[in-house]
Amino acid sequence: MIDTDIQIIHPYIRNELMEITNLTSFKIDKKLLRKAAEKALEVAGNKKLKGISLVLIDKKKISQINKKYRHKNGSTDVLSFEKLNEIFICPEVIKIQAKNLKVSFKSELMRVLVHGILHLA
C-alpha cells in the first residue's frame, strides 16, 4: 500500500476484481467502474489480474502522492502503482478535464480508469 495519511485496506482477496474506496463527496457508480475494469482487462488480454485497489481521493491527497512518488508538483487525474495493483483517481481533476474536453464526467472517469488499469495489466 502507498504510504500516505489515507487509511485504506488493500483488497488481498484475489477472487474480487476491484475494491473501490471513495474518499470524496462525488457520487460514483461502482458497478459501472467494475464493469469498465473488467472490459479493459479483457481487451488488454489480461483476465487474470485481480485484487485491484481503486481509491478516489481529493486534489490535495493526489498532489501529495504525486509529489512523494513521482516528484511532481500539483494534482493529476490518475496514479497507478503496478506492484501494488493500486490506482488513485481524483474526481475533481476529472471533472475539470471533462469540461475542457466537452465530454461527460462519466465518460472521462471511464477513460481515466481504463488508462490506470492498462498500467497494471
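How much space lies in the largest pocket? The tour reaches that pocket at its last stop, where about 170 Å³ of space is found. Please note at the outset that this is a predicted model.

**The whole chain**

Begin with the entire protein in cartoon view. Four helices and four strands should be visible, and along the sequence they follow the pattern β-α-β-α-β-β-α-α. The protein has 121 residues, of which 43% count as buried. With a surface displayed, the accessible area comes to about 7,300 Å², and carbon and sulfur atoms account for 52% of that area. Among contacts between residues at least 6 apart in sequence, 64% join residues at least 24 apart.

**The sheet**

Next, select the four strands. They form an open sheet in the order E1-E2-E4-E3, with mixed pairing. Strand E1 (18–22) and strand E3 (78–81) stand at the edges; each has a single partner strand, so one side of each is left without a neighbour in the sheet. Viewed across the strands, the twist averages 15° from one strand to the next. Strands of a sheet pair through backbone hydrogen bonds, either parallel or antiparallel. Examples of both arrangements follow.

**E1, E2 and the helix packed on them**

Select residues 52–56, which make up strand E2, together with E1. These two strands run parallel and are joined by five bridges. To locate one residue pair, label Ile-20 and its bridge partner in E2, Leu-54. Now add helix H1, residues 30–44, which packs on the sheet and touches both E1 and E2. The direction of H1 makes about 140° with that of E1.

**The E3–E4 hairpin**

Move to E3 and add strand E4, residues 86–89. Here the strands run antiparallel, joined by four bridges. Val-78 has Ile-89 in E4 as its bridge partner. E3 and E4 form a hairpin with four residues between them. In the turn, select Asn-85, whose phi is positive, at about 55°.

**The largest pocket**

Keep E3 in view for the final stop. Which residues line the largest pocket? Select Arg-70, Thr-76, Asp-77, Val-78, Leu-79, Ser-80, Phe-81, Glu-82, His-115, His-119 and Leu-120. The elements that give two or more residues to this lining are E3 and helix H4 (105–120). E3 provides the largest share, four residues. Val-78, already seen as the bridge partner of Ile-89, is thus encountered again among the lining residues.

How values were computed. Residues are numbered from 1 along each chain as its sequence is written. This is a predicted model: local features need pLDDT of at least 70, side-chain atom pairs count only at pLDDT 80 or more; totals for chains, interfaces and linings use all residues. Side-chain values use heavy atoms; hydrogens and water are left out. Buried means under 20% relative accessible area, exposed over 50%, partly exposed in between (1.4 Å probe, protein chains only). Contact means heavy atoms within 4.5 Å. Accessible areas come from the Shrake-Rupley method with a 1.4 Å probe; for residues, only the protein chains shown count as cover. Two strands pair if DSSP finds at least two bridges between them. Axes are lines fitted to C-alpha atoms, for helices over the stretch in contact, and angles run from 0 to 180 degrees between N-to-C directions. On a 1 Å grid over the protein atoms alone, a cavity is a set of points where a 1.4 Å probe fits but cannot get out, and a pocket is an open set with protein on both sides within 12 Å along at least five of seven lines; lining residues have an atom within 4 Å of a point. Grid points are joined across faces, edges and corners, and a volume is the space filled by probe spheres set on the points.
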